[in-house]
Amino acid sequence: SIRRRAAAPSPATDPLPLEAAGRPPAAAAELALPSKPSIAVLPFENMSGDPEQEYFADGMVEEIITALSRIKWLFVIARNSSFTYKGQAVDVKQVGRELGVRYVLEGSVRKGGNRVRITGQLIDAETGAHLWADRFDGSLEEVFDLQEQISVSVAGAIEPALQAAELRRSVAHAKTDLTTYDLYLRALPHWFSCDKDRLLKALELLGEAIERDSRYAPALGVAAACCPLLDVAQIDDKEANRQRALRWARQAIQADAADPGALANAAGTLAYFGENIDAAVTLIDRALVLNPSSALAWEWSGWIRQFAGQPDLSIEHFETAIRLSPRDPWTGLRFVGIGIAHFFARRLDEAVAKLVVGLEEVPSFLLTHQVLAASYAYLGRIDEAREIVARLRAVTLTIEPSMIAYRNPAHRELLLSGLRLAIGETA
């Protein structure tokens, strides 16, 4: 098993020619940065005092390189190039210049008895700033399984850290002529907010990106994924919102059926708006095969399984997303998803506990209020249910949510009856 410890501060690979086996060139020319974010994973330091553990440290790095290479928007330096620094005392800024990367991941492996601790830190190669650090403990009984588990966890944690760093970089440059990628990046915080006005701002930026490149799958996927959130937020023209969502989702799949993020957003959007649920499950499963470390794909899988009437599997997938990326902007919604799944499984106390956390983190997500009010009502906590309903009435005229996403009639009736009880209406 693997256990993540407390954190510290807050695909195509491209082999480069080697000048000497096991040694970086003495005076390598600086390489131009590629057009997308780039990273090199340096050999991890073996701190075990046991030369036989060298193979484990090297294998760990190879697994992490493979996992990061599944992130479509990331340029990952091949193992043969990054391993030229093995055994060397390196300057991260120099590595960035020599390999032509913006980011460097370095780490160490320490063995004690049958346990091993792996630490890693992500560094901005231009500034030397530490962007992410974490450590992982596990048992060496199943060494190859351990390597795979840690590599997936590292890749899952690094992806949002890199996206945040890229956004800061884009904003800091204050470009007037934004690229498609810049527009996409700047839309993400608005998407994460779940706030109606900010979601519309996200679509404005994504619309510009799509106008520049009509086959840019990441922008198409996120544009589609904004629309379920706008539906929950009670956008005025719900049918027009649904139609554009389905159009963007299908365009994202056609643009790049091998982009796991775009596939996940498309699958979740199609499932939410009532399209074929089996097709949505197939799409999300494909996204998870393409990138099993994608917390976004695991989250969408949680929602899709919930829509399909599988609350326990839904909880399992939401929990996987949280484990992969515990400080992700979507963590609040993942707690909401778990709470709703508990509600449908009629575990009302567990539902309330998770929904209250989600409400604190994402107060603008109206579905949280609706399910929480129904949960309180069924538990006999009518005053608390009425208080939640009053909050809803302050922001929307429509208390009942759209239930098109939920395929199980019993689940739909459970929520709607609970809301009527909370409002004080008879069923």
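These are my notebook entries on two cavities and one helix pair in a predicted model.

**Ground rules.** I number residues from 1 along each chain as its sequence is written, and I take side-chain values from heavy atoms, with hydrogens and water left out. Because the model is predicted, local features need pLDDT of at least 70 and side-chain atom pairs count only at pLDDT 80 or more, while totals for chains, interfaces and linings use all residues.

**Largest cavity.** I looked up the largest cavity (a set of points on a 1 Å grid over the protein atoms alone, where a 1.4 Å probe fits but cannot get out; lining residues have an atom within 4 Å of a point). Its volume, the space filled by probe spheres set on points joined across faces, edges and corners, is about 220 Å³. I found 16 lining residues, with Pro-228, Leu-229, Trp-300, Trp-303 and Leu-333 nearest the centre. Helix H11 (295–307) and helix H7 (217–232) each supply at least two of them (helices are DSSP runs of H or I, at least four residues, numbered from the N terminus), and H11 gives the most, with five.

**Second largest cavity.** I noted about 90 Å³ of space here, with a lining that includes Asp-231, Lys-238, Tyr-272 and Tyr-406. H7 and helix H15 (366–378) are the elements giving two or more residues to this lining.

**H4 against H5.** I then checked helix H4 (residues 143–173) and helix H5 (residues 180–193), which pack at about 115 degrees with axes 9 Å apart (axes are lines fitted to C-alpha atoms over the stretch in contact, and angles run from 0 to 180 degrees between N-to-C directions). Among the residues in contact (heavy atoms within 4.5 Å) are Leu-167 of H4 and Phe-192 of H5.

How values were computed:
On a 1 Å grid over the protein atoms alone, a cavity is a set of points where a 1.4 Å probe fits but cannot get out, and a pocket is an open set with protein on both sides within 12 Å along at least five of seven lines; lining residues have an atom within 4 Å of a point.
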